[in-house]
Amino acid sequence: MTTLQVPRKFNFSAGPAVLPLEVLQETSEALFSLGKTGIGVMEHSHRGKPFVAVLAEAEALAREVMGISSDYAVLFLQGGASQQFIQVPMNLLQGGTADYLETGVWSEKAIKEAKRYGTVNIASTSKAENHTFIPKTHKFTAGSKFTHFTSNNTIFGTQFRGEPTGALSPLVVDASSDICSKPIDVSKYGIIYAGAQKNLGPAGVTLVVIRKDLAEQGAKDIPQLFQYGEQIKNESCYNTCPTFSIYVVSRVFAWIKRNGGLAGMAAHNEAKAKVLYDCLDSSDFWKTPVAKEDRSLMNVVFRLPSEELEEKLIKEATAAGFDGLKGHRSVGGLRASIYNAMPKEGVTGLVSFMKEFEAKNG
Ligand SMILES: *Cc1c(COP(=O)(O)O)cnc(C)c1O
């Protein structure tokens, strides 16, 4: 295995985001030759034996790591999570009503697209309080087609601790920013989808886990490319699938498996988040807008006493090797994204830096 020669920074970017070093090393070799084929992973036909084996392994590992039964299909699609904002209602809404939980920018976008295909009932919303908490009660609609929520709000730094209770239709979750960060009971869901570029791999592929009976009920008068049923029939290869991204995702699943599976990820993520939140709670210098019980373990959002200090911290942190701490442009402030692949040392290092910064500027 090659050793990377270039020194690496700690990358706290919200996405595309940090990947495990071992995955990068494995990938760097596969770029030149996938196994002993003498042809790089990006250069293989998506219908040739070597890549078909990669795709099969990616699916098998996803099933094993996430505990996905044969009642569900596992798809690797393109267009990002944003395409699923469209594809889900395009297939399943068919002029009916769907329940949506509005907890941030991404769910707002999903709602906007769903309205093209039917009626959206906002079952609960945190909008009036700038999405700083997760609503605990919801008004669901009898006869709704599905119930959509965003399990982790990447921009606002809030996260559901479990599934919303009381839904009257299959749960559909946008899990883009916390997929595989903790165990999940797949059987509670109709659809789980996630753009890969936060916790699963590079941009360009979206994991979609869908109950087969739901896929079968999908609209047939929409373009074939967007029919889940067609994608299942063609095993994600209705057209050329994103081969390279799928390869990397398969390596990330193998890495998760080697590191204790989803329970291992959860323990690692809880420990990291605790170090960071303990620092934020240790003095008034740090402010966290998010309700304590709803804090995200993936995207830690915080503020300083002034915007000048926030800019100063970002600048000095970047110089010290802690990159990507600027908050989303729509909310400002600071955000440390600490996905699965962020090592504990990245977080403890950042906290040491923050304590020093506070001592000098507090
Ligand atoms: C990043 C993100 C998206 C957007 O993903 P794309 O793949 O860029 O479309 C959607 N939802 C959530 C929760 C995200 O974090």
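This report looks at the sheet and the ligand site of a predicted model.

## Ground rules

Residues count from 1 along each chain as its sequence is written, and side-chain values rest on heavy atoms, with hydrogens and water left out. Because the model is predicted, local features need pLDDT of at least 70 and side-chain atom pairs pLDDT 80 or more, while totals for chains, interfaces and linings use all residues.

## The sheet

Seven strands (DSSP runs of E, at least two residues, numbered from the N terminus) form an open sheet with mixed pairing, in the order 2-10-9-8-5-3-4. Strand 2 (72–77) and strand 4 (119–125) sit at the edges with a single partner strand each, so one side of each has no neighbour in the sheet. Pairing takes at least two DSSP bridges between two strands. From one strand to the next, the twist averages 20°.

Strand 8 (residues 171–174) and strand 9 (residues 189–195) run parallel, joined by four bridges. In one of them, Leu171 partners Tyr189 of strand 9.

## The ligand site

What surrounds the ligand? There are 13 residues around it, counted when a heavy atom lies within 4 Å. The closest are Ser82, Thr154, Asp174, Gln197 and Lys198. Helix 3 supplies the largest share of this shell, four residues; helices here are DSSP runs of H or I, at least four residues.

Now for polar contacts, pairs of N or O atoms within 3.5 Å. A polar side-chain atom of Ser82 is 2.6 Å from a ligand oxygen, and a side-chain N or O atom of Lys198 is 2.7 Å from a ligand oxygen. Asp174 has a side-chain N or O atom 2.6 Å from a ligand nitrogen.

Methods. Axes fitted to C-alpha atoms, helices over the stretch in contact; angles between N-to-C directions. Polar contact = N/O pair within 3.5 Å; in protein donor to acceptor, adjacent residues only side chain to side chain.
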